[in-house]
Amino acid sequence: MVGKNLKQRLKGLYFKHFTSNNPMSELKFSSLHLSKPVLNNLDELGYTQMTAVQAMSLPHVLQNKDVIAQAKTGSGKTAAFGIGLLNKIQLKQYEVQSMVLCPTRELADQVTKELRRLARFTQNIKIITLCGGSAIGPQIRSLSHPAHIVVGTPGRILKHLDKGYLDIAGLETLVLDEADRMLDMGFIDEILRVMAFVPQKRQTLFFSATFTNEIRKLSETIQNNAVNIKTLDQEQPNSIAEYFYHIDTDKMLKSIVNVFAKYEPDNAIVFANTKIDAKEVVRYLNDNGIESAAIHGDLEQYQRNDVLVKFSNHTIPVLVATDVAARGLDIKELSMVINYGLPFEKNVYTHRIGRTGRAGKTGTAVTLFAGKQSHKAKDMENSHRIFAKGSALQNAQAFILKASNGTLVIEAGKKNKLRPGDILGALTKDVGLPGKSIGKIDIYDKQSYVALERGLINKAIKGLKSKGIKGKRFSIWIMK
Ligand code: ADP
Ligand code: MG
């Protein structure tokens, strides 16, 4: 009986969150006991009300309870634990108080970024990212002054713990983000070995888009009376039109181009099941007028970063990705997801298509599968998915998709006290470019990236080189 009531209440909450213009007070962040600066900051970020997973988990998280929460991709899970752990940080205590384990470095970078946004009002909070694939020396040097919060992948964190560079004896909160994926990726041993360094008394939070038995088992081992939270509607993400096309094996590559021609998306992620497929697809698309770049495990860290910068600032319209490389990426305004072949698991399908149709917009998901996957495809059929023959894709008009902007790299960033306004000012006032020719400006520690109309890039480089930015001259080039 209790169970049913709760379920009905949650259903109501979910319903209100997504449909009401006049949100109930339980969806307001102000219903939580948070400080004024925290609430003001959320307001400035445009977080006017809690998402379902935030509304359901934050009250428990803030009461220092263990929580295991399931919600679909893009539902705001980071803030659901981030607001909780930030609320507990004692700034004057120079030790690691929170640690977030993530499956991939991209996801760890994103969590770090979101935590920094949520902590904007807090001076002197130190958050560091520890992931494999980056040089270990700078990480060790950074750890010589303890951070308040550590975000990273289990393998690299374990390495620092084993060598004694990282001390988490004072840890208050441990978060496993995308816990299911970490297990899929075989991180269970590393996670269990990390647990040996974690104090007994702590808060442990699990977040994930899907739950498996393995996750529940791990939760039972390392959590304490965890509050179980599940938002509804895992299988049918909001407003995504889902199409499936049965393709002859030898026509798979050509069919992707036809998909672009038929649906004319502004941008898209193409998911490939293997690195080899990803490389093949990206080559074929580029040869056929669809500008794209691949992201997969064979790339160096800096190459992956470059690709992600270009995709998120819309200077490359198509990203071809393997699942591992794309997991958890929060890319706004994605019009389409294309599956080059059915993914091996149903959960993966849900994750993939969850990247489009976010924040109330309608998205499109197109899945191409070849004959040998027909069995699997049959299993995906349901009333809201449209299945068609590959021939339905033929005869589309030729379609070219190229970004009108390119990316300028400036060899200076936050460490040089650069802000987006400085770059925008230099480009518009000093170099004389029209404001509307300038797109997204991303500032990292040592580099900045500016999306800019391609035809004006040379003028921008020349101008910035001669006039400088805030009186200083930096190296500048076009990202290849
Ligand atoms: P998940 O981890 O569930 O996939 P994220 O934490 O990455 O989702 O959040 C997805 C996006 O939603 C991010 O861009 C984040 O800034 C934004 N977001 C989170 N909470 C809110 C909120 N309450 N209101 C508006 N936007 C939010
Ligand atoms: Mg997430």
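In the predicted model, the buried residues of helix α7 pack against strands β2 (98-101), β3 (127-130) and β4 (149-152) and against helices α6 (136-143), α8 (179-184) and α9 (188-195). Helix α7 itself spans residues 154-163, and its buried positions are P154, R156, I157, L158, H160 and L161. An α-helix has 3.6 residues a turn, so residues three or four places apart point the same way. In α7, P154, L158 and L161 are among the buried residues, as are I157 and H160. The helix is followed by G164, for which phi is positive, near 80 degrees.

Two packed helices are described by the angle between their axes and the distance between the axes. For helix α3 (residues 52-62) and helix α4, the axes come within 9 Å and cross at roughly 20 degrees. With angles under 35 degrees counting as roughly parallel, α3 and α4 are therefore roughly parallel to each other. Their crossing is right-handed. On the α3 side, the contact involves V53, Q54, S57, L58, V61 and L62; these residues meet K77, A79, A80, I83, G84 and N87 of α4.

A second helix pair is formed by α5 (residues 105-118) and α13 (residues 301-312), which pack at an angle of about 60 degrees with their axes 11 Å apart. This geometry makes α5 oblique to α13. The crossing of α5 and α13 is likewise right-handed. Here R105, E106 and D109 in α5 meet Q301, R304, N305 and L308 in α13.

Aromatic contacts were examined next. The structure holds six aromatic pairs. One of them joins F81 and F207, whose ring centres are 5.3 Å apart and whose planes lie at 55 degrees, a tilted arrangement. Because F81 lies in helix α4 (residues 77-88) and F207 in strand β6 (residues 203-208), the pair ties together parts that are 126 residues apart in sequence. Both F81 and F207 are buried. Helix α4 thus takes part both in the packing with α3 and in the link to β6.

Y444 and Y449 form an aromatic pair that is edge-to-face, with 5.5 Å from centre to centre and 85 degrees between the planes. The two tyrosines differ in their surroundings: Y444 is partly exposed, at a relative accessible area of 34%, whereas Y449 is buried, at 6%. The cut-off for a buried residue is a relative accessible area under 20%, which is why Y449, at 6%, is assigned to that class.

One aromatic cluster is formed by F244, Y349, F369 and F387. A contact between a charge and a ring is found at K262, whose charged end sits over the ring of Y263 at 5.9 Å from its centre.

A further lysine, K346, is placed in helix α15 (residues 346-353). K346 is partly exposed, with a relative accessible area of 41%. When residues up to four places away in sequence are not counted, K346 touches D379 and M380. K346 and K376 are 30 residues apart in sequence, and their C-alpha atoms are 9.3 Å apart in space.

Definitions and conventions. Residues are numbered from 1 along each chain as its sequence is written. Chains are lettered from A and ligands numbered from 1 in the order in which they are written. This is a predicted model: local features need pLDDT of at least 70, side-chain atom pairs count only at pLDDT 80 or more; totals for chains, interfaces and linings use all residues. Side-chain values use heavy atoms; hydrogens and water are left out. Rings of Phe, Tyr and Trp (its six-membered ring) pair if their centres lie within 6.5 Å; planes under 30 degrees apart count as stacked, over 60 as edge-to-face and the rest as tilted. Helices (H or I, at least four residues) and strands (E, at least two) are DSSP runs, numbered from the N terminus. Buried means under 20% relative accessible area, exposed over 50%, partly exposed in between (1.4 Å probe, protein chains only). A charge sits over a ring if NZ of Lys or CZ of Arg is within 6 Å of the ring centre and within 35 degrees of the ring normal. Axes are lines fitted to C-alpha atoms, for helices over the stretch in contact, and angles run from 0 to 180 degrees between N-to-C directions. Angles under 35 degrees count as roughly parallel, over 145 as roughly antiparallel, 65 to 115 as roughly perpendicular and the rest as oblique. A crossing is left-handed if the near helix is turned anticlockwise from the far one by less than a right angle, and right-handed if clockwise. Contact means heavy atoms within 4.5 Å.
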